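Please look through the structure shown below with the following explanation at hand. The paragraphs take up helix packing, aromatic rings and a residue in a strand.

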Amino acid sequence: MANKVTIYTDGACSGNPGPGGWGAVLLSGEHRKEISGGDPQTTNNRMELTAAIEALKALKACSQVNLYTDSTYVKKGITEWINNWKKNGWKRRSGKRFLLVKNADLWRELDRLVAGHDITFHWVEGHAGNEENERCDELARCAIPKGE
């Protein structure tokens with residue numbers, strides 16, 4: 001039986017682009033792990049993606065995962081849009097043109113990590129009192145690099 005893990009993730013930016021942070025909470029049975037990190041120059045979407053990537057990297061074995069994000073960009077990207085992006089050479093349709101997918105480096109990494117687990121992605125409303133989502137937001141905000 002695969003490990004059952006619940007993951008909550010969030011990203012934050014001070015300015016967009018600007019300095020940013022990400023946070024994740026991993027729960028499995030009685031175990032709890034909190035991780036976070038920051039980047040001096042990034043975007044909110046990159047931090048949302050990084051939170052999910054780093055949480056999945058922290059898993060030590062193939063797991064059955066419920067991943068909760070307040071980012072519709074992350075949830076729709078990985079569950080709805082990514083197959084077309086891959087089929088179109090990491091390009092997205094914009095009217096009659098194709099444009100490069102933004103953050104393709106992170107989408108590729110997330111796609112690679114997702115393949116190693118049985119993951120269900122869930123959207124949770126941000127800043128709505130969900131205890132673990134609020135904690136991830138706090139971790140992300142505290143990880144934003146401070147200016148000199």
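Which residues in H2 meet which residues in H3? In this predicted model, the H2 side of the contact is made up of Tyr73, Val74, Gly77, Ile78, Ile82, Trp85 and Lys86, and these meet Trp107, Leu110, Asp111 and Val114 in H3. Sorted by character, the residues of this contact comprise eight that are nonpolar, one that is polar and two that are charged. The two helices pack with their axes 11 Å apart and at an angle of about 95°. Because angles from 65 to 115 degrees count as roughly perpendicular, H2 is described as roughly perpendicular to H3.

Aromatic rings can be followed next, and a search of the whole structure finds four aromatic pairs. In one of them, tyrosine 73 and tryptophan 107 are arranged edge-to-face, with 5.3 Å from centre to centre and 70° between the planes. Tyrosine 73 belongs to helix H2 (residues 72-87) and tryptophan 107 to helix H3 (residues 104-114), so this pair ties together parts of the chain that are 34 residues apart in sequence. Both partners, tyrosine 73 and tryptophan 107, are buried.

Another aromatic pair is formed by tryptophan 81 and tryptophan 85, whose rings are tilted, with 5.9 Å between the centres and 50° between the planes. Here the partners are both in helix H2, and because they are four residues apart, about one helical turn separates tryptophan 81 from tryptophan 85. Are these two tryptophans buried or exposed, or something in between? Tryptophan 81 is partly exposed, since its relative accessible area is 33%, whereas tryptophan 85 has a relative accessibility of 7% and therefore counts as buried. Taken together, Tyr73, Trp81, Trp85 and Trp107 are linked by ring pairs into a cluster, and of its members Tyr73, Trp85 and Trp107 are also among the residues named in the contact between H2 and H3.

The last stop is threonine 69, which is found in strand E4 (residues 63-69). With a relative accessible area of 0%, threonine 69 is buried. Which residues does threonine 69 touch, not counting residues up to four places away in sequence? Its contacts are Thr9, Glu48, Val74, Lys75, His122, Trp123 and Val124. One of these, Val74, leads back to the starting point of this explanation, as Val74 in H2 is also listed among the residues that meet H3.

Conventions: Residues are numbered from 1 along each chain as its sequence is written. This is a predicted model: local features need pLDDT of at least 70, side-chain atom pairs count only at pLDDT 80 or more; totals for chains, interfaces and linings use all residues. Side-chain values use heavy atoms; hydrogens and water are left out. Buried means under 20% relative accessible area, exposed over 50%, partly exposed in between (1.4 Å probe, protein chains only). Contact means heavy atoms within 4.5 Å. Rings of Phe, Tyr and Trp (its six-membered ring) pair if their centres lie within 6.5 Å; planes under 30 degrees apart count as stacked, over 60 as edge-to-face and the rest as tilted. Axes are lines fitted to C-alpha atoms, for helices over the stretch in contact, and angles run from 0 to 180 degrees between N-to-C directions. Angles under 35 degrees count as roughly parallel, over 145 as roughly antiparallel, 65 to 115 as roughly perpendicular and the rest as oblique. Ala, Val, Leu, Ile, Met, Phe, Trp, Tyr, Cys and Pro count as nonpolar, Asp, Glu, Lys and Arg as charged, and the others, Gly among them, as polar.
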